[in-house]
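Open the model in your viewer and keep the selection panel at hand. This tour goes from stop to stop, saying what to select and what is there.

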Amino acid sequence: LLIRYKKSKKGKLVKQAEVYTAEEHGIKLKKVDPDAVRILHRLQRYGYAAYLVGGAVRDLILGQSPKDFDIATEAEPHEIRKLFRNSRIIGKRFRLVHVYFPGNKIIEVSTFRSEDSKGFDNIFGTLEEDVFRRDFSLNALYYNASDETVIDFVGGFKDIKKREIRAVIPLAKIFKEDPVRILRAIKYSVNCSCSLPFSIKQKIKNQSKFLEPVSVSRVTEEFFKLFASGQASQIFKLAYELKVLRYVLPELYYLLKEHEIENFRTYFFTALEQLDKKTGADSKSRAMILVHLWADLIYRHEKWQNIKKIHGPDLYKDIKHLMNPIIPANKDVETACRILISHRRYFKGDELPRFQACASKSHAKKKKGLPHVTP
Ligand code: ATP
Ligand code: MG
């Protein structure tokens, strides 16, 4: 373990960061996406500091395979853009660069942000500043692909090993500044089997209401990500217990709480467990997520139970209402309604697996005369 020092204002040497060697942190370079490595090397060749950062470093230390590989660099967006032909600058308030690869692969390259860049303003900073605007210590590690070291300014490596979630941004402002971090904390707690400390849980309980006015599109994005994560069941159990669901999906929250339908809570979390087990291209499409979310309610609710044929436009309106304030795309709601209507007779109720017949969208498409569902 190497220690990086810096000079304090009084001129004294103080510890700034811990630097872990490949042997110590255990990340194998060959586990890092080769395109990400190429980007890192190219940036460095042109004289810019560049690191793999965030979720990828965390997941590699945990021995999991990262979903995406994010890069942080001192190069500014227009400079990054110049180095990669297949890239585009995106974002309004905080600009960053997407580098595109075949097969819809995108690697996100962002410029170090300064601590002052509250929210998402375009104030670029140094590596030392970038660290302190990352949400949790387990997300604040920097991997240098050239010497294969991990730089840790905030004790994140030890936290990962201890399976602990610790806020880098002061607790007093972490969720106030960006309430979506509440959903992120819950996600990491489940994905990384880390416990949420009491202080963070308390903050979440007291501040979940801040999620209400957050931009609908951001919550919608994060929400569908959680559902497709393969651990939706545990994540939503925790979100329910911490009452976060009350502000993200209030209709669902009250249904789970109030036993309007007997055993609904068990049915619902079983449905999510099934969704989590699903693999395959379309199995976690947004439409399929909606089907899993609402099938139990639709099929078991007295409103529909004794009716021969579910009325499409009615169901469409109901699903829109149930999802409020989250706004799924109309076409996803339409597809979900079609599947729900045409597959009711395949619904096995308590028998597992309950959704065998609606495994894919194409199955629904093949059926002739699908119901018209838009109101
Ligand atoms: P996932 O595994 O779901 O992709 P991730 O940790 O990689 O999780 P991303 O949304 O890909 O999360 O963001 C990459 C990194 O950017 C995070 O690890 C974190 O350091 C930082 N980050 C992202 N969103 C926020 C936020 N809202 N507040 C503070 N830091 C953030
Ligand atoms: Mg990521």
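Select strand 1 (2-7) and strand 2 (residues 13-20). The two run antiparallel and are joined by 6 bridges. Helices (H or I, at least four residues) and strands (E, at least two) are DSSP runs, numbered from the N terminus. Two strands pair if DSSP finds at least two bridges between them. Show Arg4: Ala17 in strand 2 stands opposite.

A word on the model before moving on. This is a predicted model, in which local features need pLDDT of at least 70 and side-chain atom pairs count only at pLDDT 80 or more, while totals for chains, interfaces and linings use all residues. Residues are numbered from 1 along each chain as its sequence is written, chains are lettered from A and ligands numbered from 1 in the order in which they are written, and side-chain values use heavy atoms, with hydrogens and water left out.

**The whole sheet**

Now select every strand. The chain has 9 strands, along with 19 helices. An open sheet of 9 strands runs in the order 1-2-9-8-3-4-7-6-5, with mixed pairing. Strand 1 and strand 5 (87-90) stand at the edges with a single partner strand each, so one side of each has no neighbour in the sheet. From one strand to the next, the twist averages 35 degrees; axes are lines fitted to C-alpha atoms, for helices over the stretch in contact, and angles run from 0 to 180 degrees between N-to-C directions.

**Strands 9 and 8**

Step from strand 2 to strand 9 (149-152). These two are antiparallel, with 3 bridges. Val19 stands opposite Ile151 here. Thr149 and Ile151 point one way from strand 9, Val150 and Asp152 the other, and all are buried. Buried means under 20% relative accessible area, exposed over 50%, partly exposed in between (1.4 Å probe, protein chains only).

Add strand 8 (residues 141-144). It joins strand 9 through 4 bridges, antiparallel. Asn144 faces Thr149 across the pair. Strand 8 and strand 9 form a hairpin with 4 residues between them. Click Glu148 in that turn: its phi is positive, about 55 degrees.

**Strand 3**

Next, strand 3 (residues 50-53). Which residues lie on each side of strand 3? Ala50 and Leu52 are on one side, Tyr51 and Val53 on the other, and all are buried. Strand 3 pairs with strand 8 in the antiparallel sense over 2 bridges. It is also joined to strand 4 (residues 70-73), again antiparallel, by 4 bridges. Centre on Val53. Tyr142 stands opposite in strand 8, and Asp70 is the bridge partner in strand 4.

**Helices across the sheet**

Show helix 2 (residues 34-45). It lies across strands 3, 4, 6 (96-101), 7 (105-111) and 8, at about 30 degrees to strand 7. Then show helix 3 (residues 55-62), which lies across strand 3, strand 8 and strand 9, at about 60 degrees to strand 3.

**Aromatic stops**

Select the aromatic rings. The structure holds 12 aromatic pairs. Rings of Phe, Tyr and Trp (its six-membered ring) pair if their centres lie within 6.5 Å; planes under 30 degrees apart count as stacked, over 60 as edge-to-face and the rest as tilted.

Zoom to Tyr20 and Phe157. Their ring centres are 4.1 Å apart and their planes at 35 degrees, so the pair is tilted. Tyr20 is in strand 2 and Phe157 in helix 6 (residues 156-162), 137 residues apart. Tyr20 is buried, at 5% relative accessible area. Phe157 is buried too, at 7%.

Move to Phe264 and Phe268. Here the centres are 6.0 Å apart and the planes at 35 degrees, so this pair is tilted. Both residues lie in helix 14, 4 residues apart, about one turn of the helix. Both are buried.

**Helix 14**

Stay there and select residues 264-277. Its 14 residues should span 20 Å at 1.5 Å a residue (times one less than the number of residues). The end C-alpha atoms are 20 Å apart, which agrees. Its buried residues include Tyr267, Phe269, Leu272 and Leu275. Among the elements covering the buried residues are helix 10 (216-227) and helix 15 (286-300), where contact means heavy atoms within 4.5 Å.
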